[in-house]
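Reader: I've got the model open and a few labels are bugging me. Mind walking me through them?

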Amino acid sequence: GTGNLTSADFAQTGGTLGSSFANLNLGSLGDFFLSSSLSATQSISLTSSAAISSAGQSVVLTAPSVVLDAGTGVGSLATPLQLNTQALLATTGSGGMYLVNSPTGAVSLRGLSTGNASNLSYSQNGQALNVLGNITSGGGDILIDPPTDLTMSPSATVSTATGNIDLQASGNVLLATVSAPTGNVAVSTTGGSIGSATPGVNNVT
């Protein structure tokens, strides 16, 4: 079944939600704070008009698909939001985004975005990463660190208005459009090759 809940402020102080739900949809008009893990057999969707945050590394969102929509940030540099998912879409209107994903299979990244000059960090522990949608920051730094293979679809873009971009992998890297007009772009792999998903096109600007 599907579980739906919307509250003024969501602060989970104990217990568990999920496991018996196929789809778990939770919303908050204020901050969304998780103190224990959430799981669903198909999807988890968290929406907050403010920030989405958690108590620590042991709090994990586990579902084949995860969607995050925040107003003022997702996770933090000190406490990134922990995930176990193979399909991800995450946006925040302002504030930074800090995510760590430990998937059991290849990941389809449908998009990541921060609306202002805040940093965006996505760390993946193993498995291939397929970037199907855009990864954008209004002006902060972008770090993708490091899956095995990193493959961008030909239509995908990684871009920041004024920050730097660092794309890392331990396998092969296939680039489409990577843009940091006033910053630096670094692309590296420890065990593969770096190529183009759009041959004949300038991939890095």
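Author: Sure. This is a predicted model. A good place to start is G111, which is in contact with L88, L89, A90, G133 and N134, leaving aside its neighbours within four places in sequence.

Reader: What makes L89 a contact of G111?

Author: Contact means heavy atoms within 4.5 Å, and L89 is on the contact list of G111. The C-alpha atoms of G111 and L89 are separated by 5.0 Å, with the two residues 22 apart along the chain.

Reader: Why does G111 count as buried?

Author: Buried means under 20% relative accessible area. G111 has 5% relative accessibility, so it counts as buried. G111 is found in strand β14, residues 107-114.

Reader: Which residues touch the most other members of the largest nonpolar core?

Author: L46, L61, L68, L99 and L112, out of 44 residues in that core. Again leaving aside neighbours within four places in sequence, the contacts of L112 include L88, A90, M97, L99 and L120. In soluble globular proteins, nonpolar side chains tend to be buried together.

Reader: And the largest pocket: how do you know what kinds of residues line it?

Author: Leu and Tyr count as nonpolar, and Ser falls among the polar ones. The lining divides into nine nonpolar, four polar and two charged residues. About 200 Å³ of space lies in this pocket. Of its 15 lining residues, L77, Y98, L120, S121 and L143 are the closest to its centre.

Reader: Which strands each supply at least two residues of the lining?

Author: β13 (97-101), β15 (120-124), β18 (142-145) and β21 (165-169).

Definitions and conventions
Residues are numbered from 1 along each chain as its sequence is written. This is a predicted model: local features need pLDDT of at least 70, side-chain atom pairs count only at pLDDT 80 or more; totals for chains, interfaces and linings use all residues. Side-chain values use heavy atoms; hydrogens and water are left out. Helices (H or I, at least four residues) and strands (E, at least two) are DSSP runs, numbered from the N terminus. Buried means under 20% relative accessible area, exposed over 50%, partly exposed in between (1.4 Å probe, protein chains only). On a 1 Å grid over the protein atoms alone, a cavity is a set of points where a 1.4 Å probe fits but cannot get out, and a pocket is an open set with protein on both sides within 12 Å along at least five of seven lines; lining residues have an atom within 4 Å of a point. Grid points are joined across faces, edges and corners, and a volume is the space filled by probe spheres set on the points. A nonpolar core is a set of buried Ala, Val, Leu, Ile, Met, Phe, Trp, Tyr and Cys residues joined through side-chain atoms within 4.5 Å.
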